[in-house]
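Student: I'm new to this structure and would love a close look at a single part. Could you walk me through how two of the helices pack, and what links them?

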Amino acid sequence: MKLVYNCIRLAQYKQVIFMITGRVHMKKASVLLMVVLLVFGLTGCGKEVNPITDDLKNYLEQIVLIQSIHDSAVNAYNSYFNNDDISSNDLVVIIDEQVIVGFEEYIEKLDAIETTTDEVTNLKTMYTDSVKLQYDAMVIVSGAIDEKNTEKLSEASTMLSDATYKYDEYKTQLKKLAEENSISLVNSNETSEGISQE
């Protein structure tokens, strides 16, 4: 009888976790993906490139190189929501060993990207802040599941919503900076974009 009760409690707890974090469920194409994948196809080779254009291009090329780290962390987190056989305890292991570790590696590599102009540095800071907020939320989710603390899960959900807002601001500024520097961001499919210099 105790085993049945524990299974029911686990199922109820899993439902609470999904209800709290489900609305910010990270999908490959969601805003919590946090990175615009870019495939560069520059045209207009005879045009002079200004420092901001060159810096933005370099920054985005570096993001593309590390994107798979972020994707792996997000996909690991999503595996819980895509598989009813994964328990809350399994989710903690996934978060601790794959998601958090992946975010730590991604943040380290993101921090190592060098920028040379204030405009691109500010853009990078906006993006990095959103990723770090996402990371902090995952750390809280892990602890909250261990402690079965719905208040902490709610706090993490708020942090993920804030990270989404910051990411949306980043995307807006990225588009603006690209436009100001005659770079067209071209949406080629749901998960990637390309650029071309006008």
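Tutor: Here is a look at one pair of helices and a charged link between them. Keep in mind that this is a predicted model. Start with helix H3, which covers residues 88–112, and helix H4, which covers residues 118–147. Their axes lie 9 Å apart, and the angle between them is about 160°. Because angles over 145 degrees count as roughly antiparallel, H3 is described as roughly antiparallel to H4. The crossing of these two helices is left-handed. As for the residues that make up this contact, 16 are nonpolar, four are polar and six are charged.

Now for the charged link. Side chains carrying opposite charges can pair when their charged atoms come close. Here, Asp111 and Lys132 form a salt bridge, with 3.7 Å from N to O. Asp111 belongs to helix H3 and Lys132 to helix H4, so this pair links distant parts of the chain, 21 residues apart. Are these two residues buried or exposed? Asp111 counts as partly exposed, because its relative accessibility is 39%. Lys132 is also partly exposed, at 32%.

For comparison, look at a pair inside one helix. The whole structure holds four salt bridges, and one of them joins Lys57 to Glu61, with the closest N and O atoms 2.6 Å apart. These two residues sit four residues apart in helix H2, so about one helical turn separates them. Lys57 is partly exposed at 22%, and Glu61 is partly exposed at 24%.

Conventions:
Residues numbered from 1 in each chain as written. Predicted model: local features only at pLDDT ≥ 70, side-chain atom pairs only at ≥ 80, totals over all residues. Heavy atoms only, no water. Axes fitted to C-alpha atoms, helices over the stretch in contact; angles between N-to-C directions. Parallel < 35°, antiparallel > 145°, perpendicular 65-115°, else oblique. Left-handed = near helix turned anticlockwise from the far one by under 90°. Nonpolar A, V, L, I, M, F, W, Y, C, P; charged D, E, K, R; others polar. Salt bridge = Lys/Arg side-chain N within 4 Å of Asp/Glu carboxyl O. Buried < 20%, exposed > 50% of the residue type's maximum accessible area, 1.4 Å probe, protein only.
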